[in-house]
Amino acid sequence: MDKLIIEGGTRLEGTVKVSGSKNAALPILAATLMSEGDCTISNVPPLRDMFTICRILNELGVETHYEGGTVSSRLVSDKFCVAPYDLVRTMRASICVLGPLLARRGRAKVSLPGGCVIGSRPIDLHIKGLAALGAKIKIEHGYVVAEADRLRGTEIYLGGPHGSTVTGTANILCAATLAEGTTIIEGAACEPEVADLAAFLNAMGAQIRGVGTHRLEVEGVTSLGGCEYAVIPDRIEAGTFATAAILTGGRVQIANCRAEDLSAVIDVFTQIGGKITPTDNGICVEGSGRIATADVTTHAYPGFPTDLQAQVMVLLSLAGGISVVTEKIYPDRFMHVAELNRMGAKIRKEGSIAIVVGAERLTGAPVMASDLRASAALVLAGLVAEGTTQISRVYHIDRGYEKIEEKFNALGARMTRVDEPT
Ligand code: EPZ
């Protein structure tokens, strides 16, 4: 297993190009299960999760070919309906094949995703939505088994105790595109990644209105064709690099990102002391060297994203005072706290709230990556810590960040990847 060695203390400067969005590409690739034609999907980042979903598609009769950031897909057989445990357990988001499989083939057997380090990952809202569309669903032997001759349009409220569900909305939206009649999804997630999926489905011939809002209206069609499509940029990767620019007092041009996807992030980072200006193809982010406190609460879009909570906590751990971070989406998503404290941060967790007392400095240490975004936070901490930081289990980071050390080193970081004997 690889580890990253980071020498802290350099000021980041230069330009970084953001890759395509992992969380948009996943449901879009899953939706190719519904296409009668060939699809060409570009700006797909070469991440492990992309290859995992392509392997699942291949098992399900959709032949995929990945080259130069583009996935070409072709329907070879529509008789397979089982997404196997040994693949699904490596990536929770595989649940995104449930809606497309059911809608196009009338049957789907998908391994339950199970939990992960950021907390339990229920799919009750996915099941509620598909049952509302007329599917018969049972849970047996660790699988969701869903059947439906023809799904029927209906009105569904999809909100849950923590707000809307991103992949739940993706599953119900996909299923509704081939259901008979009209479906209204109230309380839909309106993350840019969900809007990107809706645009992809419309490019295949779906009839979806209200894209980008909490209310989606879908007119069912009898079939979907092929299309060419480019995935949106990854706003979480953009936010991660913006954090690094502010943290190191640097100046970084973040190219190929959409400022409009980052309004809540820009608001908080400006309060913390970052200077963020939109450019013609992204944003320019400057750190002043001084970090101010902020109280941050995560919410569903357009609120501050939970996927940047660990990263902003690194900033706040060096602020001149006390900050409060409240996690409303995944109350247990604080795996990064213990490791950051080992680097000199002063963070105390109280349930779904973290009290962050600003420290003078962070110091390098051997730390362990856990989940994707907590690991990104450790990389950020290593950039600004005094001395050397060694991050093990780097495969967690590679799930969501393309060539992370190459991108950071091009900005002046000192980061090397070494093979860690298992
Ligand atoms: C998506 O996960 C993202 N993953 C996550 O990013 C992201 O953190 C999350 O949305 C929230 O923005 C992908 O898009 C592949 P949810 P998802 O369903 O869809 C509760 C990353 O690091 N809920 O929107 O699984 C749930 O427990 C990953 O890139 C139910 O109660 O998240 C959570 O509290 C991590 N019942 C909240 O809703 C359900 O049926 C939001 O979950 C579904 C969800």
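The questions below cover the domains, ligand site and local features of a predicted model.

Residues are numbered from 1 along each chain as its sequence is written. In this predicted model local features need pLDDT of at least 70, side-chain atom pairs count only at pLDDT 80 or more, totals for chains, interfaces and linings use all residues, and side-chain values use heavy atoms, with hydrogens and water left out.

Student: What are the bounds of domain 1 and domain 2?
Tutor: The bounds come from an automatic or database domain assignment. Domain 2 covers 22–230. Domain 1 is written as two segments, 2–18 + 233–419.

Student: How many residues of domain 1 are in contact with domain 2?
Tutor: Contact means heavy atoms within 4.5 Å. Domain 2 brings 20 residues. On the side of domain 1 the count is 26 residues.

Student: What area is buried between domain 1 and domain 2?
Tutor: Buried area is the accessible area (1.4 Å probe) that two parts lose on being put together, summed over both. Carbon and sulfur atoms give 53% of it here. The total is about 1900 Å².

Student: Which three residues supply 33% of the area that domain 1 buries against domain 2?
Tutor: No other three residues supply more. They are Tyr301, Tyr330 and Arg399.

Student: Which residue forms a salt bridge with arginine 399?
Tutor: A salt bridge puts a side-chain nitrogen of Lys or Arg within 4 Å of a carboxyl oxygen of Asp or Glu. Two such bridges are counted between domain 1 and domain 2. For arginine 399 the closest N and O atoms are 2.8 Å apart, and the partner is aspartate 49.

Student: Which residues are closest to the ligand?
Tutor: A residue counts as near if one of its heavy atoms lies within 4 Å of the molecule. By that rule 25 residues surround the ligand. The closest are Leu125, Thr165, Thr167, Asp307 and Ile329.

Student: How far is a backbone N or O atom of isoleucine 329 from an oxygen atom of the ligand?
Tutor: Side chains also approach ligand oxygen atoms: asparagine 23 at 3.0 Å and arginine 373 at 2.8 Å. For isoleucine 329 a backbone atom is involved, and the distance is 2.5 Å.

Student: Is the peptide bond from tyrosine 301 to proline 302 cis or trans?
Tutor: Proline 302 sits in the loop between strand 18 (296–297) and helix 10 (309–316); helices (H or I, at least four residues) and strands (E, at least two) are DSSP runs, numbered from the N terminus. Omega is near 10°. The bond is cis.

Student: How many residues apart in sequence are the parts tied together by glutamate 36 and arginine 104?
Tutor: The two form a salt bridge, with the closest N and O atoms 2.6 Å apart. Glutamate 36 is in the loop between helix 1 (22–31) and strand 3, while arginine 104 is in helix 4 (residues 98–105). The pair therefore ties together parts separated in sequence by 68 residues.

Technical notes. Polar contact = N/O pair within 3.5 Å; in protein donor to acceptor, adjacent residues only side chain to side chain.
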